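Hi,

Here is the structure I promised to pass on. Have a look at it first, and my notes follow below.

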Amino acid sequence: MSASHPAKLFLIHHEAFPQPGELAVWKWPTRAYFPQDVMMVKRVLAVGPASLIMKDRTAIVNEQLLGVAIRTGTKGQPLPVSQWNGAVPPEWYLLGTAAVSDSWDSRYYGPVPKEWIIGTAIPLWHTSRTT
């Protein structure tokens, strides 16, 4: 788990597609950034039809500020920024955590298609963000 969500244990409700405000469980389809079988948990900001506007590394989702994509990761590696700019199709998900500036979210990879979504995450056990 990362600092973007304090939960450490989740119940995964398979085949229950999350709605805005809920937590999505999804798998990155390639090994570009994460190992093939790593499941990700992120809050759903919007489900298409929606909009994602990227301007000078700033992400705006449905006219609400998501945040600014940082330039380098925790190990000094350069980070990509989403090239998406405009309408998000139906059944595509915008994922993110506005409160965490370095959350790996739609600022970097753009919208996520429904096919990548495994289900809805229900937090069962939380720890503080400082642990």
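Strands 2 and 3 run antiparallel and are joined by five bridges. One pairing to look up is Ala 24, whose bridge partner in strand 3 is Lys 42. Strand 3 also pairs with strand 8, again antiparallel, through three bridges. There, Val 44 sits opposite Leu 95 of strand 8. Bear in mind that this is a predicted model.

Now for the inside. The largest nonpolar core is made of 14 residues. Those with the most contacts within that core are Trp 26, Tyr 93, Leu 95, Trp 104, Tyr 109, Val 112 and Ile 117. Which elements give two or more residues to this core? They are strand 2 (23-27), strand 3 (39-47), strand 8 (92-95) and helix 1 (106-109). There is also a second, separate core of nine residues, and Ala 50, Leu 52, Met 54 and Val 61 are among them. As a general point, nonpolar side chains in soluble globular proteins tend to be buried together.

One more residue to click on is Ser 82, in the loop between strand 6 (64-68) and strand 7 (86-88). Is Ser 82 buried or exposed? Its relative accessibility is 6%, so Ser 82 counts as buried, the cut-off being under 20%. Leaving out residues up to four places away in sequence, Ser 82 touches Leu 52 and Met 54, as well as Ser 106, Arg 107, Tyr 108, Tyr 109 and Gly 110. Of these contacts, Leu 52 and Met 54 belong to the second core, while Tyr 109 is part of the largest one.

Cheers

Methods. Residues numbered from 1 in each chain as written. Predicted model: local features only at pLDDT ≥ 70, side-chain atom pairs only at ≥ 80, totals over all residues. Heavy atoms only, no water. Core = buried A, V, L, I, M, F, W, Y, C linked by side-chain atoms within 4.5 Å. Buried < 20%, exposed > 50% of the residue type's maximum accessible area, 1.4 Å probe, protein only. Helix = DSSP H or I, 4+ residues; strand = E, 2+ residues; numbered from the N terminus. Pairing = 2+ DSSP bridges. Contact = heavy atoms within 4.5 Å.
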